[in-house]
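Trainee: I've just opened this one and I'm new to it. Could we walk through it together?
Mentor: Sure, pull it up and ask away.

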Amino acid sequence: MAYELKDLVDLDRYPIDDLDGAGAALLQSCQDDLANGAICHLPDFVRPEAIEVIQSEANARRDQTYWMDVERRAYSWRNPDDYPAGHAVTLTTPNLIGTITQDCFPKTGAFVSIFEQQALTDFVRRCLNRDSLFPVACPYLAANVKVMSQGCRHAWHFDQNDGAVTLMIQSAAEGGHFEFVPFLRDEDDENYDEVSRLLSGEEMPMRRAPLAPGSFCLFGGRRSIHRVSEVTQGSPDRLLAVFSYHHVPEHQYRESTIRSVLGRLPDSYPNPG
Ligand SMILES: [Fe+2]
């Protein structure tokens with residue numbers, strides 16, 4: 001059975017198939033939330049029956065997870081050698097997280113089907129005020145699932161671009177909270193002192209998004225530092241879908257990008273040459 005939009009998304013509450021009519025107010029409030037607070041969180045966006053199917057699809061592939069255990073810097077696009085020791089750009093925090101790649105999932109399953117809904121791409125595009133937006137075509141990372149079991153954490157960092165798109169599939173038994181400080185930096189004021197305090201573990205006011213299974217979330221992470229706090233108890237583990245888009249169609253990620261996410265190339269990656 002092929003999944004249709006109405007099987008996957010609660011269209012009564014979130015009429016994303018009618019953004020110039022019944023969904024106009026929704027679109028406006030999503031744009032406002034992103035502009036004012038860097039986050040647009042839509043609880044129960046995916047129907048409970050559909051999220052259950054996606055949960056079982058992901059849990060069934062748990063042993064195909066690629067694990068990454070690294071110290072991570074907050075500014076992936078900056079060279080730490082250009083900065084003095086102890087500067088915010090040079091500081092790292094622990095990062096332990098797993099990824100299940102898209103090619104592991106059935107092409108007509110609920111997980112891949114929701115990512116491929118044209119109405120969802122259009123909704124994301126308009127929320128982010130983009131002229132063009134297309135699903136990335138990488139068979140591994142276009143849609144992937146982040147796995148966080150006990151002891152996992154996603155380090156503090158800024159994204160290189162705004163517009164991270166995620167779907168919460170399953171919450172951890174304890175911990176694994178998405179936390180962020182809205183608009184901590186911008187191009188005119190890097191605010192390195194505050195970032196250093198945060199990365200050094202000082203207590204600072206931060207926001208926590210109450211993501212729950214079915215939550216769809218758009219996030220502006222270029223100026224807003226963010227992390228996922230440690231999962232203090234797994235089973236169930238935290239499972240989060242990441243959906244990737246690009247302004248040109250059929251975009252493929254470079255080999256180095258795939259390596260940096262998975263720690264190595266996938267088993268099924270074609271041999272070069
Ligand atoms: Fe991020």
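Trainee: How many of the 7 residues of strand E7 are buried?
Mentor: Keep in mind that this is a predicted model. Strand E7 covers residues 164–170 and is largely enclosed by the rest of the structure. That description follows because the count of buried residues in E7 is 6 of the 7.

Trainee: Which strands does E7 pair with, and over how many bridges?
Mentor: Let's take the partners in turn. Strand E11 (residues 216–219) runs antiparallel to E7, with Val 165 and Leu 218 as bridge partners, and 4 bridges join the two strands. On strand E14 (residues 238–243), Leu 239 stands opposite Gln 170. E14 also runs antiparallel to E7, so to speak for both: E11 has 4 bridges and E14 has 5 bridges.

Trainee: Which strand pairs with E14 over 6 bridges?
Mentor: E14 itself is mostly covered, with 5 of its 6 residues buried. Met 148 stands opposite Arg 238 of E14. The strand pairing there in the antiparallel sense, over 6 bridges, is E5 (residues 143–148).

Trainee: What does Phe 243 touch, leaving out residues up to four places away in sequence?
Mentor: Phe 243 belongs to the largest nonpolar core, which has 55 residues. Along with Ile 16, Phe 45, Phe 123 and Phe 216, Phe 243 is listed there as touching the most other members. The residues Phe 243 touches are Phe 111, Ile 114, Phe 115, Leu 120, Ala 142, Ala 143, Val 165, Leu 167 and Phe 216.

Trainee: How many residues are in the other core?
Mentor: That core lies apart from the largest one. Among its members are Ile 39, Ile 97, Met 168 and Val 231. In soluble globular proteins, nonpolar side chains tend to be buried together. The number of residues in this other core is 16.

Trainee: Which strands stand at the edges of the open sheet of 4 strands?
Mentor: The order in that sheet is E6-E12-E9-E10, and the pairing is antiparallel. A strand at the edge has a single partner strand, so one side of it is left without a neighbour in the sheet. That applies to E6 (154–157) and E10 (207–209).

Trainee: What is the average twist from one strand to the next, and which helix packs on the sheet?
Mentor: The twist averages 20° from one strand to the next. The helix touches E6, strand E9 (178–181) and E12, and its direction makes about 10° with that of E12. So much for the angles: the twist is 20°, and the helix is H6 (residues 192–199).

Trainee: Which residue in E12 stands opposite His 154?
Mentor: E6 and strand E12 (residues 225–228) pair in the antiparallel sense over 2 bridges. Opposite His 154 in E12 is Val 228.

Trainee: Which residues are the protein donors of the iron ion?
Mentor: The donors follow the spacing H-x1-D-x66-H along the chain. Buried counts as under 20% relative accessible area, so His 157 at 4% is buried, and so is Asp 159 at 16%. The protein donors lie 2.1 to 2.2 Å from the iron ion, and they are His 157 (NE2), Asp 159 (OD) and His 226 (NE2).

Trainee: Is Asn 95 buried or exposed, and which backbone nitrogen lies 2.8 Å from a polar atom of its side chain?
Mentor: Asn 95 lies in strand E3 (residues 92–100). Its contacts beyond four places in sequence include Met 68, Arg 153 and Ala 155. With a relative accessible area of 6%, Asn 95 is buried, and the backbone nitrogen in question is that of Ala 155.

Trainee: Which side chain does Thr 92 join in a polar contact of 2.7 Å?
Mentor: Thr 92 also lies in strand E3, and is partly exposed at 35% relative accessible area. Leaving aside neighbours within four places in sequence, Thr 92 is in contact with Glu 71, Arg 72 and Arg 73. The polar contact of 2.7 Å is with the side chain of Glu 71.

Notes: Residues numbered from 1 in each chain as written. Predicted model: local features only at pLDDT ≥ 70, side-chain atom pairs only at ≥ 80, totals over all residues. Heavy atoms only, no water. Donors = N, O, S within 2.8 Å, 3.2 Å for Na, K, Ca; no water. Buried < 20%, exposed > 50% of the residue type's maximum accessible area, 1.4 Å probe, protein only. Core = buried A, V, L, I, M, F, W, Y, C linked by side-chain atoms within 4.5 Å. Contact = heavy atoms within 4.5 Å. Polar contact = N/O pair within 3.5 Å; in protein donor to acceptor, adjacent residues only side chain to side chain. Pairing = 2+ DSSP bridges. Axes fitted to C-alpha atoms, helices over the stretch in contact; angles between N-to-C directions.
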